[in-house]
Structure formats: structure tokens, C-alpha cells
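Colleague: I am new to this model. Can we go through it piece by piece?

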Amino acid sequence: MEPYRQETGKVATLDRANVDTDQIIPKQFLKRIERSGFGRFLFYDWRFLADGSLDPRFELNQSRFRGAAVLLTGSNFGCGSSREHAPWALLDYGFRTIIAPSFADIFYNNCFKNGMLPIRLPQQQVRDLFRRVREDPGYALTVNLENCTLRDDKGLNLEFPVESFRRHCLLEGLDEIGLTLRHEEKISRYEAARSA
Amino acid sequence: MDHPTGKSQARKEEQPADMPKTLFAKIWDDHVVHQEPGRPDLLYVDRHLVHEVTSPQAFEGLRQAGRRVRRADLTTATLDHNIPTVDQRLPIADLIARKQVETLRRNCREFGVTLYDLDSRNQGIVHVIGPELGLTRPGLTMVCGDSHTSTHGAFGALAFGIGTSEVEHVLATQCLIQSRPRTMRVHFSGRLSAGVTAKDVILYLIRTLGTDGAVGHVIEYAGPVVEGFSMEERMTLCNMSIEAGARAGMVAPDETTFEYLEGRPFVPRGKDYQEAVDRWRLLPSDPGAGFHREIELEVDALAPQVSWGTNPGMVVDVTGAIPDPETFDQEADRESGRRALDYMDLDPGMPVQEVGVDRVFIGSCTNSRIEDLRSAARIAQGRRVDDRVYAMVVPGSQRVKGQAEAEGLDRIFIEAGFDWRESGCSMCLGMNPDVLQPGQRCASTSNRNFEGRQGKGGRTHLVSPAMAAAAAIQGRFVDIRDWF
């Protein structure tokens with residue numbers, strides 16, 4: 001997994017609460033057995049019109065958000081289905097950082113497994129960021145995971161919380177399976193004790 | 001913790017062993033393989049359920065890393081999500097779906113995992129077959145790459161959904177790195193009216209808590225209503241815990257649980273069964289055990305519930321009307337409400353019982369078990385599906401289907417004009433050909449009413465099996481209590 005240390009990127013907004021993973025990646029794309037290439041299906045039913053062209057009414061389709069790497073959105077983002085295709089699609093599209101007042105548990109967890117950073121900020125700070133993006137086309141943020149700060153070029157400097165173990169794994173790009181296998185002996189002991 | 005005065009001192013030395021513990025804590029603590037300060041626990045997984053949609057990339061990950069499935073004997077796979085529910089002996093017409101199905105077959109062969117394939121009597125929706133085979137038992141930790149894994153908590157197991165990376169983690173290590181969630185107890189009191197079901201109770205809870213009301217928590221459902229529920233009703237309740245944002249839902253095991261499990265294929269027999277029951281009796285939360293949150297809900301006068309919008313918290317009484325989003329407190333809710341009404345093509349103030357339906361779906365891991373089918377069949381018996389409605393019944397498993405046919409429920413449905421299908425997830429998520437057409441409105445016993453969930457442009461109203469059957473007959477929503 002690619003380590004996440006410091007990332008600077010343009011911010012795109014999707015100002016909706018309770019965006020579910022069925023919207024992030026609709027079911028017709030879950031039949032694929034690959035892990036890559038889901039970006040073109042991201043928010044498919046919202047992004048595209050029936051004839052396959054981009055729906056100009058959909059917020060993310062604005063040209064100013066082209067190439068964005070940070071997604072700013074509403075509370076309970078990623079609710080519903082556990083499909084990891086949702087973070088795969090967001091990452092493949094270009095979003096490595098997602099900022100929201102809250103996330104659904106499974107989605108939140110899935111992000112870290114893919115080298116992505118979901119950032120929880122208080123509602124008021126999120127609203128302030130929405131305002132900053134509105135007022136400044138091309139608005140960008142620098143996310144520094146080493147000191148857990150968000151900065152823009154206008155003096156914004158926010159701290160964000162992230163559990164230390166998750167932070168450690170992201171910073172180092174660690175393979176969690178490898179970490180767990182270091183406890184192989186303990187796992188075997190546990191199994192032996194239970195079957196005794 | 002509140003100890004009776006005078007005893008707290010005497011007990012202090014014995015802590016923590018003597019501290020009252022919740023059902024959740026007992027199971028969690030019993031499964032910790034490794035613990036260190038400031039880190040999540042390494043938790044052992046007793047049972048891993050696998051299906052075709054969330055596993056291919058996990059098996060591929062194992063292959064690339066040269067890893068094996070550590071405990072194939074604790075892993076069980078089936079096909080449920082993308083399979084057709086018409087003649088399942090035919091090759092799957094959708095080539096991408098067929099490839100996914102064949103990939104699971106190949107992975108199970110290569111890694112030695114038991115697969116209940118389409119020709120198996122044990123095939124069905126993962127959350128239906130786990131319990132009916134007795135793979136689900138009290139005190140176990142269970143996971144599956146599916147958010148409705150919370151269903152299995154009905155047995156006093158700790159069961160939760162995981163993503164594909166974690167599926168791979170469990171396949172490789174039989175463990176998961178997990179932060180300990182918080183606990184919430186939801187206590188239901190009162191008596192349900194005839195025709196009001198566990199589905200209505202859970203929809204009412206989600207309506208009350210909101211779709212993120214239980215984020216970060218494991219819910220234990222308690223109180224006389226839950227104690228009086230059958231296992232299948234408890235499964236419906238726990239199933240939709242995720243729709244309130246919860247990590248898992250649980251019910252303390254009791255005589256109802258033990259009676260359900262006795263004699264099931266994977267449940268120990270004879271003396272072993274008795275010993276297991278003795279252990280299971282120790283699981284319920286101790287008196288005085290602390291929860292991070294406690295909620296009491298009175299369900300005495302509860303009406304059948306119907307969802308009106310595009311998330312499972314947008315729910316009203318069947319006797320009510322479509323709400324006016326402009327009356328909501330929060331701007332975010334007003335905005336979601338407006339969007340939902342627009343998508344659902346409904347107007348504020350419209351009585352729910354004037355909302356007509358085009359389709360009815362009875363099925364899904366929420367409501368496709370034998371009691372659900374019996375409940376719907378009681379309504380369908382001797383009546384006819386409205387001419388404007390296409391209604392289908394999709395049993396949750398081959399065993400449920402067999403049982404229903406032995407009881408003649410299939411005849412009742414077919415004579416009433418319902419389509420009787422093979423088992424699978426079907427139109428709960430519409431990964432197979434069972435989908436709504438744009439603009440169609442469906443009364444559905446499933447668990448999610450998200451935009452496009454049952455087909456792009458489709459409009460879903462979540463209800464109980466009896467309410468869905470009645471909507472099929474009348475072509476609109478009715479208060480099922482009037483039929484009892």
C-alpha cells in the first residue's frame with residue numbers, strides 16, 4: 001500500500017448528507033472481479049444522463065472540480081452496503097482524502113485499507129470549508145498526516161483527529177495482514193486453547 | 001458501576017473478573033488474541049461467511065501474496081447476490097455475473113472452502129443459511145463481506161459486516177484488527193397489535209434514531225417485546241441494525257434460541273449440545289452491566305410502518321401522510337427530504353394509503369424466512385393480486401423454499417397471482433435480472449430504499465411481508481391491522 005504522508009490537492013464538494021455506497025458505486029458494477037478501474041463508474045447514476053453524457057446538474061461534474069483529490073461532503077458519508085468497491089471507485093477517480101462531519105463505520109474502515117484518509121471534522125468547520133470552496137475556484141488543501149493538520153494558502157490551519165494505529169499504518173503504508181501474521185504463534189495458541 | 005452499598009469495597013479486589021459484563025463484552029473479551037495499549041485488539045473470528053460479490057479480490061490477494069486460507073473449516077461460501085431466481089440450472093445469461101460465480105467456484109476449489117452451490121439444498125442468502133444450518137450459534141464471532149451480517153446477532157453472536165480487504169485478512173489469519181465499539185441497549189416495551197411485526201419495530205427504531213444514530217455502537221435489543229419474538233423475528237430486528245448505523249445488533253440467547261438450534265446440522269448433539277447450552281446460558285448481560293447508551297421505546301400503539309423516502313430513516317405510520325420536509329428542524333434534513341420527495345414523485349400531505357404500487361417484492365435477508373412467507377401467505381390466501389401489480393416471492397434459501405412448498409404456501413401465492421421464485425438476494429439489490437424499471441413503485445420487504453437500489457429510477461417503500469402482500473392485493477398501501 002502506498003504510504004500517505006502529505007497530500008496537496010484541489011477540493012471538490014458534494015453537499016449532501018447520508019450519501020450511501022449504492023450511490024457511490026451502483027450495484028451493476030459489483031459483478032466485476034477486479035479491484036481496479038472502478039473510477040469511471042463513480043456516482044454513475046448521478047454523474048451520467050441516460051445517453052451516457054455527463055449530467056451538468058451534478059455538482060461534481062463542474063469543470064472547476066476536474067482533477068480534485070479531496071472530497072468535501074456531508075454527514076454519514078458511505079452509509080449502507082459494506083462494498084469496498086466504494087472506496088476503490090473514489091480512489092481510482094482521484095480522491096484520496098474525504099472530509100465530512102461523520103462517516104459510516106464500514107466505509108470509514110475500508111478507506112484506511114486502501115491508503116485513503118477519511119477526515120472527521122466538526123460540522124461548523126466543514127461548513128466553513130464549503131464556504132471557502134464556493135468563494136475560491138481551484139481551492140486546494142494540504143493534508144499533513146504526520147502532524148494531523150489541514151492547511152490552505154490563506155492561513156487556515158486545522159487539526160484533525162485520527163486513531164494512532166490507523167495513522168501509523170497509513171504513514172508507513174503497512175500491510176495489515178503482515179502485521180497480524182507476526183502474531184502467528186499467539187493465534188495458534190488461542191486456537192489450541194479453544195479446541196482443548 | 002452501581003454495586004449495592006457495602007459490597008463494592010469487598011468486590012474491588014476481584015475486579016475486573018467480577019464486574020457485571022454485557023453480552024457484547026463477554027464475547028469480545030473471549031475472542032481477544034492479542035492486546036496492547038493504544039492499539040485496536042486482534043480478534044479471533046469463529047465463522048466466516050463468503051459470497052460471490054465481495055470475495056474475488058480477496059482470494060486474488062491471497063494468491064498474489066502466496067497465502068493460504070488459514071481455516072477453511074471455519075469458512076463457508078454460497079452464491080446469492082447476483083444469481084437469477086428463475087431456472088437456476090440454466091447458465092447465467094449475464095456474462096460478467098457468470099464469471100463472478102465461476103470465480104467463486106474456482107476459488108473455493110483451490111483454497112478448499114465449502115461452497116453451497118446452486119444445486120445444493122443448503123444454498124441461499126448467506127444470512128438465511130447460516131442460522132438454518134446452525135452455523136450461527138450463541139457466543140461466536142462471525143463476519144461476512146456484507147453489511148447485513150448483523151442478522152446473526154439474533155442468536156447472541158457478535159456478527160458484523162466487513163469490506164473485501166478484511167475478508168482477505170480473515171481468510172489469511174482467521175483474525176481481524178478491530179477497535180472496540182461502544183454499546184447501546186434498546187429496550188422495547190408494550191405489546192404489538194396483531195399485524196404489527198418485527199419489521200415495523202426496526203423501521204420505527206431507525207426512524208427514531210436516524211440512519212447514523214447508532215454509528216460506532218453495537219446494539220443489544222432487550223425487553224419483553226424482544227423476549228417474546230421468535231428467532232426469525234429477532235433476525236429481522238438485528239438485520240437492519242446497520243440501517244441505524246450500528247456495527248452490530250444482538251439479542252441475548254434464551255430458551256427460544258436453544259429450541260431453534262437443537263437438531264440443526266452444525267449444532268452439537270446429545271451431551272455436547274447440553275454442555276453448549278450450559279455455556280450459552282452464561283452469555284446474557286449481567287444485571288447492572290453498563291452500556292454507553294440506553295434507549296427505551298414503547299411499541300404498544302405502534303402502527304405498521306412504511307418508508308416514504310430514500311433512506312431507511314424516512315419512515316411514517318401507514319395511517320399517516322407523506323411529511324413536509326419544510327417542517328424538518330435541520331437544513332440538511334430539509335434538503336434530503338426535498339430530494340427524496342422529488343425522486344419518489346410524492347407530494348407532502350398525501351395519505352400513505354393513497355400511494356399506489358406497481359411492484360411487490362417479498363424476499364431478502366430481512367424478510368424471506370418461512371415465518372415471513374407464512375405471514376404473507378395468510379394475507380394472500382383466497383385473494384388476488386391487483387391487475388396493475390406484478391408481485392414476486394423469493395424464498396431466502398432452498399430449505400425455506402422446500403418448507404414453503406411442503407406447507408402449500410407456493411400454491412397459495414401462485415393462485416393469488418404472485419410469481420414464485422428460486423432463492424437468492426434478488427430484487428433487494430437488483431444485481432441479477434430482478435430489477436424495477438425507471439419510475440416503478442415497489443412495496444418491498446427488503447432493507448434499503450436508496451435511490452436506484454432496486455433498479456435505476458425505481459422507487460422503493462420498505463414494509464413488512466404482510467403489508468407487502470396486502471399492497472399487492474389492493475394495489476396500494478393499506479393498514480394491515482384492519483385485516484386481522
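Colleague: Which residue in E3(A) does A:Leu71 stand opposite?

Modeller: This is a predicted model: local features need pLDDT of at least 70, side-chain atom pairs count only at pLDDT 80 or more, and totals for chains, interfaces and linings use all residues. Residues are numbered from 1 along each chain as its sequence is written, while chains are lettered from A and ligands numbered from 1 in the order in which they are written. Strand E2 (residues 70–73) of chain A and strand E3 (residues 97–100) of chain A pair in the parallel sense over 3 bridges; strands pair if DSSP finds at least two bridges between them. Opposite A:Leu71 in E3(A) stands A:Ile98.

Colleague: Which helix of chain A packs on the sheet, touching E1, E2, E3 and E7?

Modeller: Touching means contact: C-beta atoms, placed from the backbone, within 7 Å. Helices (H or I, at least four residues) and strands (E, at least two) are DSSP runs, numbered from the N terminus. The helix makes about 120° with the direction of E2(A); axes are lines fitted to C-alpha atoms, for helices over the stretch in contact, and angles run from 0 to 180 degrees between N-to-C directions. The helix is H5 (residues 123–135) of chain A.

Colleague: Which strands stand at the edges of the sheet?

Modeller: The sheet is open, with mixed pairing, and its order is E4-E3-E2-E1-E5-E6-E7 (chain A). A strand with a single partner has one side left without a neighbour in the sheet. That is so for E4 and E7 of chain A.

Colleague: Which residues of helix H6 of chain A are buried?

Modeller: Buried means that 20 or more other C-beta atoms lie within 10 Å of the residue's own; exposed means 12 or fewer, partly exposed in between, with C-beta atoms placed from the backbone. H6 spans residues 164–172, and its buried residues are A:Arg166, A:Cys169 and A:Leu170.

Colleague: Why are they on the same side of H6(A)?

Modeller: An α-helix has 3.6 residues a turn, so residues three or four places apart point the same way. The arc is that of the directions from the helix axis to the C-beta atoms. They sit on the same side of H6(A) because they cover an arc of only 95°.

Colleague: How many residues does chain B bring to the contact with chain A?

Modeller: Chain A gives 40 residues. The number from chain B is 51.

Colleague: Which element gives the largest share of that side of chain B?

Modeller: Several elements give two or more residues, including strand E1 (32–34) and helix H12 (331–344) of chain B. The largest share is 6 residues, and it comes from H6(B).

Conventions: Contact = placed C-beta atoms within 7 Å.
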